[in-house]
Amino acid sequence: MPGIVIVGAQWGDEGKGKATDLIAGRVNYVARYNGGSNAGHTVVVNGKTYALRLMPSGIVNPGVTAVIGNGVAFDPQELVEEKSKLEAEGIDTSHLLISLSAQVTTPYHRLLDRVSESHRGKRKIGTTGRGIGPTYADKVNRVGIRVADLFNEKVLRAKVEQNLALKNELLTKIYGTDPVDPDKCTDELLKTAQVIKPYCTNTALVLNRALDRGESVLFEGGQATMLDIDHGTYPFVTSSNPTAGGACTGTGVGPTKITRVVGVSKAYVTRVGAGPFPTELTGQEGDWLRERGHEYGVVTKRPRRCGWFDALVVKYAVMVNGLTDLVITKLDTLTGLKKIPICVAYDVTEPDGSTHRVTDMPVDQAEFASAKPVYKEMDGWSENITGITDFDRLPAAAQAYIREIENLVGCRVSLIGNGPSRSHIIRLHSIVE
Ligand code: GDP
Ligand code: IMO
Ligand code: MG
């Protein structure tokens, strides 16, 4: 009964969609456990690119049941849009299940996300504006709407009314926007509810029964370790737990059912939105990486901030997720560089002005924000590596780069991506036995 978790090891957009798709062909279920339509997961099949937000990446694989778990911030309008777009592209979306306990993102959550961001001014987080923070805030505040409520008009209307009584005060008096009409909002939710109803069920029961029967489940995380609400670069984080523990709370499957935890990392680093990023390259080298790697957001189209591989970040991801395997993506993007720096330590400054060198991730965010990277320079390579499927056929410098990453972060590399397609992959160790 393999239970495999896929988790981002950096700040997101590492290629989790591609990694999930590669493994999905060998599992029965792919379950999203956190986040919502803030995610943008790219899957390239037969030269066609699918950009998925809320849908688990397994949806493009007809042999797999795609599950939206209880830990997801579920936006029914977004789902319906995404579903019809995929169907127009020839993807069958009937093999989808949605948890009745997932929290619902409503139009007022999206609105609150956007207005509160602009209200923050210079201190803004750079959210995706998808209502993620406000949805999880309501969940924790115990006033959230769950998917099951969408099928009970009386309960839904009362909850929306109760929520908007307070939120409209905030919207009109603090943020200076128009109020949201509770009846209109409820009617819209009831309409979309009819479309999604056939897919909604007790997904925890489905997944546990499948695992008990000996079937396999791939748990697909949105976002990443450094965006985790507990373990990331708080407050510049998302509002859920992308880290491996989130796979259990976000689906209702116990930790004893998890057999592998696979971290996905780029061969360099990108970040979208605000917050500290020690190896960021703001000059020409950053522009080169962005253009070479086509580093623009799937959801917001924002240019991604780019930097050198940070071994402290991935070593930390190995620790907090208990990673058993690493997938290193976009090795091909680095082709053509004479030297490739890897960050092996930080010089950090204390509040008293003293500095010292660390090789583990600082937890104090003021310390992390002061971190100056210390680099080890690796040799680069110039040969085109896209399409190579055998590790031994990679240029010696590319092999050494991967081996150095393994040494520094303390986890084996099992898959290496050298191009966007399903076929652009080097397999070193099998992930599904
Ligand atoms: P996710 O959010 O982690 O699923 O990642 P995104 O889809 O947001 O961003 C990853 C981008 O890198 C996508 O455009 C992928 O098609 C692309 N990609 C993934 N792996 C590779 C790789 O090995 N090489 C190249 N060149 N592109 C890749
Ligand atoms: P995938 O799954 C990269 C970032 C936003 C912002 C912060 C909070 O594609 O890797 P939110 O809208 O979640 O409240 O924004 O988190 N962020 C992501 N960055 N990839 C993502 O998802 C992200 N999801 C959120 O840019 O800095
Ligand atoms: Mg993405």
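This note sets out numbered points on a predicted model.

1. Conventions. The model is predicted, so local features need pLDDT of at least 70 and side-chain atom pairs count only at pLDDT 80 or more, while totals for chains, interfaces and linings use all residues. Residues are numbered from 1 along each chain as its sequence is written, chains are lettered from A and ligands numbered from 1 in the order in which they are written, and side-chain values use heavy atoms, with hydrogens and water left out.

2. Domains. The domain assignment divides the protein chain into domain 1 (3-99 + 200-263), domain 2 (104-196) and domain 3 (264-427); such bounds come from an automatic or database domain assignment. The centres of domain 2 and domain 3, taken over C-alpha atoms, are 37 Å apart. Six residues from domain 2 and five residues from domain 3 take part in the contact, where contact means heavy atoms within 4.5 Å.

3. The interface of domain 2 and domain 3. About 340 Å² is buried between these domains, and carbon and sulfur atoms give 47% of that area. Buried area is the accessible area (1.4 Å probe) that two parts lose on being put together, summed over both. On the side of domain 2, G126, T128 and R130 supply 69% of the area buried against domain 3, more than any other three residues. The rule finds zero salt bridges across this interface, but two residue pairs in polar contact, both at pLDDT 80 or more. A polar contact is a pair of N or O atoms within 3.5 Å; within protein, one must be able to donate a hydrogen and the other to accept it, and residues adjacent in sequence count only if both atoms are side-chain atoms.

4. The magnesium ion. Ligand 3 is a magnesium ion whose protein donors, D13 (OD) and G40 (O), lie 2.0 to 2.1 Å from it. Donors are N, O and S atoms within 2.8 Å of the metal (3.2 Å for Na, K and Ca); water is not among the atoms, so sites may look incomplete. Because D13 lies in the loop between β1 (3-8) and α1 (16-24) and G40 in the loop between β2 (29-32) and β3 (41-45), the pair ties together parts that are 27 residues apart in sequence. Helices (H or I, at least four residues) and strands (E, at least two) are DSSP runs, numbered from the N terminus. D13 is partly exposed at 23% relative accessible area, whereas G40 is buried at 11%. Buried means under 20% relative accessible area, exposed over 50%, and partly exposed in between (1.4 Å probe, protein chains only).

5. Salt bridges. The whole structure holds 29 salt bridges, each being a side-chain nitrogen of Lys or Arg within 4 Å of a carboxyl oxygen of Asp or Glu. D13, already named as a magnesium donor, is linked with K266, E295, R304 and K330 in a network of salt bridges.

6. A link between distant parts of the chain. R422 and D21 form a salt bridge with their closest N and O atoms 2.5 Å apart. R422 is in the loop between β19 (413-417) and β20 (425-427) and D21 in helix α1, 401 residues apart. R422 is partly exposed at 31% relative accessibility, and D21 is buried at 4%.

7. Pairs within helices. In helix α2 (residues 76-88), K83 and E87 are four residues apart, about one turn of the helix, and their side chains meet in a salt bridge of 3.0 Å, N to O. K83 is buried at 9% relative accessibility, while E87 is partly exposed at 39%.
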